[in-house]
Amino acid sequence: MKRDDRSPEAYIQSVGEDQQPLLLAVRHLILELEPDIDEHIEYGMLAFGDLANLAAQKNHISLYVAPKAMARFKAEYPGTNCGKSCLRLTSMKHFDPESIRLLLGWVQDLPPEERDCS
C-alpha cells in the first residue's frame with residue numbers, strides 16, 4: 001500500500017487505525033531515546049538519522065536497524081520475527097518496550113559507520 005510520504009505527520013495519518021497505535025508506540029520510544037533526532041521520510045518510511053527507520057507494512061510494523069545490532073538482538077531473543085535488519089511487529093501484544101529500548105541502545109553503541117540500516 002502506498003503511504004502518504006510528504007512528511008512524517010502525513011505518513012502517520014495515512015497509516016490505518018489498526019496499525020497506528022503500534023507505529024506511534026515504537027516512534028515514541030525512538031524519540032524518547034533521541035529527543036533531538038531529525039525525523040524525516042526516507043525510502044518511503046519514517047527515518048530517524050542513523051538510528052532506525054520505521055515502516056507500516058501490509059500486516060506488520062517494521063523497525064529497521066543496523067544488521068549488526070539485529071544479529072545480536074536475534075541471539076538474545078530467539079523466536080522473534082526478524083529479518084537481516086528489521087524487527088516485525090504484528091500487534092501491540094508483541095510490543096515489548098524494554099527489548100526495543102535494548103535493541104536501539106545496541107544501535108547507539110555502534111560506531112557511526114556501522115549504523116546504516118538501509
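A residue is buried if its relative accessible area is under 20%, exposed if over 50% and partly exposed in between (1.4 Å probe, protein chains only). The model is predicted: local features need pLDDT of at least 70, side-chain atom pairs count only at pLDDT 80 or more, and totals for chains, interfaces and linings use all residues. Residues are numbered from 1 along each chain as its sequence is written, and side-chain values use heavy atoms, with hydrogens and water left out.

**Exercise 1.** Determine whether Ser62 is buried or exposed, and describe its surroundings.

*Solution.* Begin with the location: Ser62 lies in strand β4 (residues 61–64), where a strand is a DSSP run of E with at least two residues, numbered from the N terminus. Next, Ser62 has a relative accessibility of 1% and therefore counts as buried. Then consider its contacts (heavy atoms within 4.5 Å): leaving aside residues up to four places away in sequence, Ser62 touches Asn53, Leu54, Ala55, Gln57, Leu87 and Arg88. Finally, the side chains of Ser62 and His60 are joined by a polar contact of 3.1 Å.

**Exercise 2.** Describe the aromatic pair formed by Phe73 and Trp106.

*Solution.* The whole structure holds two aromatic pairs. Phe73 and Trp106 form an edge-to-face pair, 6.4 Å centre to centre with 70° between the planes. This pair links distant parts of the chain, since Phe73 belongs to helix α3 (residues 67–76) and Trp106 to helix α4 (residues 97–109), 33 residues apart. As for accessibility, Phe73 is buried because its value is 1%; Trp106, at 10%, is likewise buried. Lastly, ring pairs link Phe73, Tyr77 and Trp106 into a cluster.

How values were computed. Helix = DSSP H or I, 4+ residues; strand = E, 2+ residues; numbered from the N terminus. Polar contact = N/O pair within 3.5 Å; in protein donor to acceptor, adjacent residues only side chain to side chain. Phe/Tyr/Trp six-rings, centres within 6.5 Å; stacked < 30°, edge-to-face > 60°.
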